[in-house]
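Please open the structure in your viewer and keep the sequence panel beside it. The stops below say what to select next and what is to be found there.

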Amino acid sequence: MRPMTGLRLLPWSDPDGRACYLSSDNGNSLLNRRADRIEALQLSMGTELLGHAHALLDDRKANAGELRFLAQRLCEALRDALRVAESRGRRLPVRDGDEDPGEAL
């Protein structure tokens, strides 16, 4: 197996909403560690939001505004989780002869 090489998709965007990438041979660099911490925080926040979502959806008195707000936050959490999954998937080792994991999608 060979390690996945290339750019790391970072868990944040630039001010215009475009993806940010890191080129580094050091997986333990300051920026890599910061990105790891932010990814962990994003996933933790998504898990916590899911708990709030269950509670709000069980509340028959929840109004449309509350549900819309919840839907917006859930979309943000899903976007973050998908970015983390994509970033981590790109960094998985690939066996020689295997197709690029991103090509199967």
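Begin with the whole protein chain shown as a surface: its accessible surface comes to about 7900 Å², of which 56% belongs to carbon and sulfur atoms, the areas being computed by the Shrake-Rupley method with a 1.4 Å probe and, for residues, with only the protein chains shown counting as cover. This is a predicted model, in which local features need pLDDT of at least 70 and side-chain atom pairs count only at pLDDT 80 or more, while totals for chains, interfaces and linings use all residues. Residues are numbered from 1 along each chain as its sequence is written, and side-chain values use heavy atoms, with hydrogens and water left out.

Colour by burial next, taking buried as under 20% relative accessible area, exposed as over 50% and partly exposed as in between (1.4 Å probe, protein chains only); buried residues make up 22% of the 105 residues in the protein chain.

Switch to a cartoon, and the protein chain shows two helices and two strands, running β-β-α-α from the N terminus on; here helices (H or I, at least four residues) and strands (E, at least two) are DSSP runs, numbered from the N terminus. If contact means heavy atoms within 4.5 Å, then residues 24 or more positions apart account for 60% of the contacts with a separation of 6 or more.

**Helix α1**

Select residues 30-58, which form helix α1; at 1.5 Å a residue, its 29 residues should span 42 Å, and its end C-alpha atoms are 43 Å apart, which agrees. The expected span is 1.5 Å times one less than the number of residues. Within α1 the buried residues are N32, A35, E39, Q42, G46, L49, A53 and L56, and these pack against β1 (8-13), β2 (19-22) and α2 (64-90).

**P11 in strand β1**

Now pick P11, which has its place in strand β1 and counts as buried at 6% relative accessibility. Which residues does P11 contact, leaving aside its neighbours within four places in sequence? They are A35, I38, E39, Q42 and R83, and of these Q42 is 31 residues from P11 in sequence but 8.5 Å from it in space, C-alpha to C-alpha.

**Salt bridges**

A search of the whole structure finds nine salt bridges, each being a side-chain nitrogen of Lys or Arg within 4 Å of a carboxyl oxygen of Asp or Glu. Show the side chains of R88 and E39, which meet in a salt bridge at 3.1 Å, N to O. R88 lies in helix α2 and E39 in helix α1, so the pair ties together parts that are 49 residues apart in sequence. E39 is buried at 1% relative accessibility, whereas R88, at 39%, counts as partly exposed. Add R8, D36 and R91 to the selection, and you have a network of salt bridges that links them with E39 and R88.

**Along helix α2**

Move to E76 and R73, whose side chains meet in a salt bridge at 2.7 Å, N to O; being three residues apart in helix α2, they are separated by about one helical turn. Keep R73 selected and add F69: the charged end of R73 sits over the ring of F69, 4.5 Å from its centre, the rule being that NZ of Lys or CZ of Arg is within 6 Å of the ring centre and within 35 degrees of the ring normal.

Finish at R79, which forms a salt bridge with D80, the closest N and O atoms being 3.0 Å apart. R79 is partly exposed, with a relative accessible area of 46%, while D80 counts as buried at 15% relative accessibility.
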